[in-house]
Amino acid sequence: MGFGHGHHRPEGSGPAYGDEARYAVERERDLPTTAHEREIARGLEMGLPGADSIVDRTIPTFSRGELPHFAGINTFLKAPYLEDVKRCGEYDVAVVGVPFDGGTTYRSGTRFGPQGIRKISALYGPYSFELGVDLRESITICDLGDIFVIPANIEKAFDQISKGIAHVYESGAFPVVLGGDHSIGYPTTRGVAQHLTGNLGIIHFDRHVDTQETDLDERMHTTPWFHATDLPNVPPKNLVQIGIGGWQAPRPGVKVGRERGTTVMTVTDCVEMGIQQAAERALDVAWDGAEAVWLSFDVDCLDAAFVPGTGWPEPGGFLPREVLKFIQIIADAAPLAGIEVVECSPPYDNAEITSLISTRVICDTLGCLVRSGHLPKRS
Ligand SMILES: [Mn+2]
């Protein structure tokens, strides 16, 4: 487990750190630099040593690797682009974009979500101070690019998505899915569930229940969990829906959730019981008898102030620090089957803040999976 569970670390005679700061500062010393050194050597080899006037001889002529953050080709976290998807099992984590917004019922634009998330992810290095993790030193990540979705045909797009995610999951790489609107939650979980003998639980962050059967006469982004929980091994008793509330939860979906027995947790419920207890309850529900658990994160679970770039913004949602703490506890607790971040719509975004929180949720999930020993899987 990570920090924050009542462990008392020995007090030094140094600065008056709080527990978290002490952990972070001390932990960094133990992180290796091996993969970083390899990356630098590779950069010099492939990008030519820097010009004679460059004093820092780790700098190549052509930007290769992490630096500068504003340079380079925009894969997620500058992970290598893997053109041959048959090789994704050689990596611990495989990032895949699902640029589909044919399921949106108000604002569209999430087809540009993968681009937006990749673009701002260039801002991030592989190291998290509080988590005490350096992803570059611990895991390998590839970016598979995007699923070929069919914009005018939801069902064909779903089939493409299920086939793609099933391929990634079966390869052994941890799937990181960049949405896309939330309709993709059905085909992504369908792709994972077909490779399980037991049940798949779902931890679902959202302001909206997304459990009605159809919307506008089709399977839209308001419907993924009706259809997912129709799958034989994705029971509604393992679906926990966190952050639901406001004036946008359609009554037909609420009725379905009540009848099927999904677990709804409102923002107020979570905040009043405390994020730690709320996360423990969510874990209990999702993992109850399940073989694997999928994390489906709709950015609109955050207050509308923090996610202007989304399809159905709703005030009264989580604060970023609340939702990040929630995610960290979930990812520390047990291995996940994969994560999707959906409903990030860059055309409506301001200053890339919605893309940034999308990136942060993914990075914190990976960081906690690493620090708690859930990634890499093959170690
Ligand atoms: Mn939503």
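Two residues are in contact here if their C-beta atoms, placed from the backbone, lie within 7 Å. Keep that cut-off in mind at each stop. The model on screen is predicted.

**Stop 1: Phe100**

Select Phe100. It sits in the loop between strand 1 (93–98) and helix 3 (113–121). Is Phe100 buried or exposed? Phe100 counts as buried, because it has 29 C-beta neighbours inside 10 Å. Now show its contacts. Setting aside neighbours within four places in sequence, they are Arg111, Val149, Ala157, Gly180, Asp181 and Ile184. Next, add Arg258 to the selection. Its C-alpha is 29 Å from that of Phe100, and 158 residues separate the two in sequence.

**Stop 2: the whole chain**

Zoom out and colour by secondary structure. The chain holds 12 helices and 10 strands. Its radius of gyration is 21 Å, close to the 21 Å that the globule rule gives for 379 residues, so the chain is as compact as a globular protein of that length. Rotate the C-alpha trace. Along its principal axes it spans about 65 × 50 × 40 Å. Of the 379 residues, 51% count as buried. Consider contacts between residues at least 6 apart in sequence: 76% of them join residues at least 24 apart.

**Stop 3: two domains**

Colour 16–67 one way and 76–371 another. These are domain 1 and domain 2. Their C-alpha centres lie 31 Å apart. Where they meet, 11 residues of domain 1 are in contact with 8 residues of domain 2. Which elements give two or more residues to the domain 1 side? Select helix 1 (19–30) and helix 2 (34–47) to see them. Helix 1 supplies the largest share of that side, with 5 residues. By class, the domain 1 side has 5 nonpolar, 2 polar and 4 charged residues.

**Stop 4: Glu137**

Go to helix 4 (residues 135–138) and pick Glu137. Glu137 is partly exposed, because 16 other C-beta atoms lie within 10 Å, a count between the limits for exposed (12 or fewer) and buried (20 or more). Leaving out neighbours within four places in sequence, Glu137 is in contact with Leu31, Pro32, Thr34 and Ala35. Add His36 as well. The C-alpha atoms of Glu137 and His36 are separated by 7.1 Å, though the two are 101 residues apart along the chain.

**Stop 5: helix 6 and His195**

Select residues 185–193. This is helix 6, and 9 of its 9 residues are buried. Click through them: Gly185, Tyr186, Pro187, Thr188, Thr189, Arg190, Gly191, Val192 and Ala193. What do these buried residues pack against? Show helix 5 (154–171) and helix 7 (224–228), then strand 5 (174–179), strand 6 (199–205), strand 9 (290–298) and strand 10 (338–342).

Step on to His195, in the loop between helix 6 and strand 6. His195 is partly exposed, with 15 other C-beta atoms within 10 Å. Beyond neighbours within four places in sequence, its contacts are Ala166, Tyr169 and Glu170. The C-alpha atoms of His195 and Tyr169 are separated by 8.0 Å, and the two are 26 residues apart along the chain.

**Stop 6: strand 10 and its partners**

Return to strand 10. All of it is covered: 5 of its 5 residues are buried, so the strand is largely enclosed by the rest of the structure. Look at one side for Gly338, Glu340 and Val342, then at the other for Ile339 and Val341. Both faces are covered.

Now show the partners. Strand 5 pairs with strand 10 in the parallel sense over 3 bridges. Find Val177, which stands opposite Glu340 in strand 10. Strand 9 also runs parallel to strand 10, joined by 5 bridges. Here Asp298 has Val342 as its bridge partner. Follow the backbone from strand 9 through helix 11 (residues 320–333) to strand 10: this β-α-β crossover is right-handed.

**Stop 7: strands 7 and 8**

End with residues 239–244 and 263–266. They are strand 7 and strand 8, which pair in the parallel sense over 4 bridges. Val240 stands opposite Thr263 in strand 8. Add helix 8 (residues 251–260). What do the three elements make together? Strand 7, helix 8 and strand 8 make a right-handed β-α-β unit.

Methods: Residues numbered from 1 in each chain as written. Predicted model: local features only at pLDDT ≥ 70, side-chain atom pairs only at ≥ 80, totals over all residues. Domains from an automatic or database assignment. Nonpolar A, V, L, I, M, F, W, Y, C, P; charged D, E, K, R; others polar. Rg over C-alpha atoms; globule rule 2.2 N^0.38 Å. Pairing = 2+ DSSP bridges. Right-handed = clockwise from strand over helix to strand, strands pointing away.
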